[in-house]
Amino acid sequence: MTDQYSTSMNLSVNDFSGGELGLPKGACGLLAVAGDFKLSAVLKAARCMQYRGRSGAGVTLKSIYKDTNFFNFHIMFRSSDKIAELEQVLTTMGLRILEKKDMVQRKYYYEYDLPVIMHYSIIPPSPEEMMFREKIKDESLYIKTVVARFNKQFMDDARIFSSSRYNGTFLTAFELADTIAIYDMPQYEDRFYDACLIHLRWPTSQGRGLWWGPQPISLGEVAGVHNGHLSSDMANARALEQLEIMLTVGTDSEAIFLAVEYLLRSGYSLEEIEWIICRKFPQEVRLMAQEKQEQYAKLMSDPLLFRMKMSGPATAITLVDDVLVGFTDRDHLRSFSVGVNDKIALLGSEQRAVISAAYFMHEELKMFDPEAGRIVGFTVKNKAVSKLDYGWKKND
């Protein structure tokens with residue numbers, strides 16, 4: 001193994017997970033699709049956003065592992081010398097490794113400065129052991145808990161960047177074309193997916209370096225992409241910490257995705273999530289019906305929800321289980337376009353990427369740009385997509 005991955009042995013800690021240098025100027029490119037689509041069309045359309053930033057690109061594919069009965073970990077190791085040791089760490093966390101395989105062809109370790117990237121088939125402990133170890137009964141929650149702990153504890157040595165039962169995330173510190181080549185993504189083009197999220201460029205905030213920066217950020221059945229930078233990132237992080245939700249990646253974007261997941265799983269409606277994340281101006285509140293005003297005031301009086309306000313330029317798209325939601329900031333400092341028909345929903349940081357994807361798919365779409373601070377949501381399953389109304393709750 002050492003010979004095979006010898007070119008990755010010199011990837012420094014600074015480059016892998018501790019970068020402190022400023023990042024190149026530009027803005028992140030986002031493109032997401034849900035429903036019945038061809039992967040090749042989405043990847044082709046996303047390339048038109050490469051001008052936004054030269055480095056950092058990733059893809060999340062929902063349902064790529066839908067026929068497996070285990071969790072699928074994608075792990076990058078800074079050094080091949082640490083692989084055996086960190087595999088043992090996973091075992092001590094109660095996880096059983098059924099199988100492991102290389103995700104990158106050997107030739108790319110000579111062409112690129114890469115960490116070692118592996119796929120693991122993982123079985124969680126029995127319900128009794130999960131209760132004994134973490135007082136958790138749910139397998140997905142257990143996986144999220146141990147993955148977050150692993151990533152935080154070993155951030156200088158490795159990163160579990162995909163840990164879903166069904167979905168797979170593929171990312172590099174290079175351009176989208178490089179990411180596609182390194183993971184040989186054309187091999188996946190003839191499969192059927194429920195959704196796809198694509199992100200181009202490193203994050204605006206410095207985060208923890210080259211290989212911790214690229215999005216989508218993925219944890220369990222949650223994945224997200226974000227364009228912008230939140231001035232509220234510390235308040236957002238404090239709210240999640242008080243809820244004992246661990247932050248491990250180190251960017252402001254991570255807080256968005258985990259906050260949206262918490263709000264959805266807690267049963268808040270899309271309208272309530274919009275109120276919490278994209279706070280209304282006082283004059284708007286005065287125009288609301290009395291019942292809505294009281295409902296809004298009650299939410300704003302909650303000290304944790306109050307901290308979840310997302311301030312600053314942002315367009316974000318988050319996938320939680322079968323729900324895809326997207327929103328733009330309250331002042332519309334980042335662009336956001338949506339195109340829908342009865343087969344697909346396309347969301348993007350710029351309209352031409354959405355239109356390009358529709359063109360390559362030979363689809364006619366109804367296009368609209370959501371107003372400032374508005375949230376849109378869709379459910380997707382078995383290649384069918386449905387738009388959610390504002391009263392929809394995750395536990396309906």
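Which residues does L347 touch, not counting residues up to four places away in sequence? They are L30, L31, A32, I317, L324, G326, F336, S337, V338, V354, V376 and F378. Contact here means heavy atoms within 4.5 Å.

This is a predicted model, in which local features need pLDDT of at least 70, side-chain atom pairs count only at pLDDT 80 or more, and totals for chains, interfaces and linings use all residues. Residues are numbered from 1 along each chain as its sequence is written, and side-chain values use heavy atoms, with hydrogens and water left out.

**L347, L346 and the cores**

L347 sits in strand β14, residues 344-348. Helices (H or I, at least four residues) and strands (E, at least two) are DSSP runs, numbered from the N terminus. L347 is buried, because its relative accessibility is 0%. Buried means under 20% relative accessible area, exposed means over 50%, and partly exposed lies in between (1.4 Å probe, protein chains only). From L347 to I143 the C-alpha distance is 29 Å, with their positions 204 residues apart along the chain.

L346 has its own list of partners. Leaving aside neighbours within four places in sequence, L346 is in contact with L31, A32, V33, S337, V338, G339, V354, A357, A358, M361 and L365.

The largest nonpolar core has 114 residues, and F73 and L346 touch the most other members. Helix α9 (residues 252-265) gives the most to this core, with eight residues. Apart from it lies another core of 19 residues, including A195, L197, F378 and V385. A nonpolar core is a set of buried Ala, Val, Leu, Ile, Met, Phe, Trp, Tyr and Cys residues joined through side-chain atoms within 4.5 Å.

**T60 and P216**

T60 belongs to strand β2, residues 57-62. Is T60 buried or exposed? T60 is buried, because its relative accessible area is 1%. Its side chain makes a polar contact with the side chain of T169, at 2.7 Å. A polar contact is a pair of N or O atoms within 3.5 Å; within protein, one must be able to donate a hydrogen and the other to accept it, and residues adjacent in sequence count only if both atoms are side-chain atoms.

Not counting residues up to four places away in sequence, T60 touches G168, T169, A195, C196, L197, P216 and A223. P216 lies in the loop between β8 (195-200) and β9 (217-219). The peptide bond from Q215 to P216 is cis, with omega near 10°.

**Backbone exceptions**

Most residues other than glycine have a negative phi, and most peptide bonds are trans. Two residues other than glycine with positive phi follow.

| Residue | Phi | Loop |
|---|---|---|
| K135 | near 55° | between α5 (127-134) and α6 (139-153) |
| D184 | near 50° | between α7 (176-182) and β8 |

K135 counts as exposed because its relative accessible area is 68%. D184 is partly exposed, with a relative accessible area of 30%.

**Helices α9 and α10**

Two packed helices are described by the angle between their axes and the distance between the axes. For α9 and helix α10 (residues 270-277), the angle is about 145° and the axes are 10 Å apart. Axes are lines fitted to C-alpha atoms, for helices over the stretch in contact, and angles run from 0 to 180 degrees between N-to-C directions.

Which residues of α9 and α10 meet? V260, L263 and L264 in α9 meet L270, I273, I276 and I277 in α10. The residues of this contact divide into seven nonpolar, no polar and no charged. Ala, Val, Leu, Ile, Met, Phe, Trp, Tyr, Cys and Pro count as nonpolar, Asp, Glu, Lys and Arg as charged, and the others, Gly among them, as polar.

**Helix α8**

A235 lies in helix α8, residues 233-242. A235 is partly exposed, at 28% relative accessibility. The C-alpha atoms of A235 and M310 are separated by 9.0 Å, and the two are 75 residues apart along the chain.

D233 is also found in helix α8. At 24% relative accessibility, D233 counts as partly exposed. D233 and E274 are 41 residues apart in sequence and 17 Å apart in space, C-alpha to C-alpha.
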